[in-house]
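Open the model in your viewer and keep the selection box handy. We will go from stop to stop, choosing a few residues each time.

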Amino acid sequence: MSPDIPGEGDLWRSSWEAAVDGAVAVVDCREEIPCNPCEEACPTGAIRVGPDICAAPRFDPQACNGCGRCVALCPGMAVFLLDRREKSGFARVTVPYEMGERPVEGEEVQVVDGEGKALTGGKILKIRALGGGAPTLLVTVRVPESVALKVRGVRYRLMERDGFREVDKLPSLADYPLCRCEDVPLERVRDILRTGLKSLPSLRRASRVGLGYCQGMFCQSSLRQELAEATGREGEEIGSFRVRPPVRPVKLGFLGGGNA
């Protein structure tokens, strides 16, 4: 049974129809904010934002190859994959998953909508990560077609742990926090670079390095170096992003030289 296509109208209808032949992205981006990692991540040019970086992304389902890079790299988790080739009343939906416990293929889970409300049960068909050990997993679940366009996540079982785990080794270099303000490890940045991002602003938005309290004052040079090594360019070619001073309330008396 086909669901009612929500307010996104023709855009979602095109994705719904294209999904009969295989996985295709469905873009659910409603926030007009400066963001475009999905555009840079797309290898076929199916997603375009353009010069106005605050504009809603434009999507061409016919150009989508269903790779899922946009799903893994969207900071707002506003993209998912829809696959209706099964044609049995069920669809396959692929959503991002960043919780601690890794799901297991073949298990039953609860699927939830954008507000976290349970929709129905679904079976995990596939779990994959882009860029090696990227922290964002792509989880594909089989659900009734009637709810396929509403699915935004899966709710996996909660595991209870008894006691504390012993620390048996020092953290590896991969766990080194390249951005301490946002607690972004070095390996997270390298995983994102493996997806093909080539500009410093996009890498900043996708990784959140430089978006914390220091605004990149301490981490921008390290981020630029990682991008230079990944793309084979010099640091001067990559450029830099604007560092805004952190905002903190300051009393007028202090500015006047007093201690009050």
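The tour below begins with the whole chain and then turns to strands, a buried arginine and salt bridges.

**The whole chain.** Before you zoom in, bear in mind that this is a predicted model. Colour by secondary structure and you should find 8 helices and 11 strands. The protein has 260 residues, and 40% of them count as buried. Switch on a surface: about 15,100 Å² is exposed, with carbon and sulfur atoms supplying 50% of it. Among contacts between residues at least 6 apart in sequence, 58% join residues at least 24 apart.

**Strands β6, β7 and β8.** Select residues 108-112 for β6 and 118-129 for β7; these antiparallel strands are joined by 5 bridges. They form a hairpin with 5 residues between them, and G116 in the turn has a positive phi of about 85°. Now add residues 137-144, strand β8, which runs antiparallel to β7 and is joined to it by 6 bridges. Click on K123 in β7: E108 stands opposite it, and in β8 its bridge partner is R142.

**A buried arginine.** Next, select helix α5, residues 200-207, and pick out R205. Which side chain of opposite charge is nearest to R205? That is E40, 6.1 Å away, and R205 is buried yet has no salt bridge. Show N36 as well, since its side chain makes a polar contact of 2.9 Å with that of R205. Beyond its neighbours within four places in sequence, R205 is also in contact with residues including P34, I53, P75 and L211.

**Salt bridges.** The structure holds 9 salt bridges, and a few deserve a stop.

- Select R85 and D83, whose side chains meet at 2.8 Å, N to O. D83 is buried, with a relative accessible area of 7%.
- Select E145 and R84, which form a salt bridge with their closest N and O atoms 3.2 Å apart. E145 sits in the loop between β8 and β9 and R84 in the loop between β4 and β5, so this pair ties together parts 61 residues apart in sequence. Both E145 and R84 are buried.
- Select R208 and E182, a salt bridge with 3.1 Å between the closest N and O atoms. R208 lies in the loop between α5 and α6 and E182 in the loop between β10 and β11, so parts 26 residues apart in sequence are tied together. R208 is partly exposed, at 40% relative accessible area, and E182 is partly exposed too, at 28%.

**Last stop.** Return to R142, the β8 bridge partner of K123. Add E86 and R92 to the selection: a network of salt bridges links them with R142.

Key
Residues are numbered from 1 along each chain as its sequence is written. This is a predicted model: local features need pLDDT of at least 70, side-chain atom pairs count only at pLDDT 80 or more; totals for chains, interfaces and linings use all residues. Side-chain values use heavy atoms; hydrogens and water are left out. Helices (H or I, at least four residues) and strands (E, at least two) are DSSP runs, numbered from the N terminus. Buried means under 20% relative accessible area, exposed over 50%, partly exposed in between (1.4 Å probe, protein chains only). Contact means heavy atoms within 4.5 Å. Accessible areas come from the Shrake-Rupley method with a 1.4 Å probe; for residues, only the protein chains shown count as cover. Two strands pair if DSSP finds at least two bridges between them. Lys and Arg count as positive and Asp and Glu as negative; His and the chain ends are not counted. A salt bridge is a side-chain nitrogen of Lys or Arg within 4 Å of a carboxyl oxygen of Asp or Glu. A polar contact is a pair of N or O atoms within 3.5 Å; within protein, one must be able to donate a hydrogen and the other to accept it, and residues adjacent in sequence count only if both atoms are side-chain atoms.
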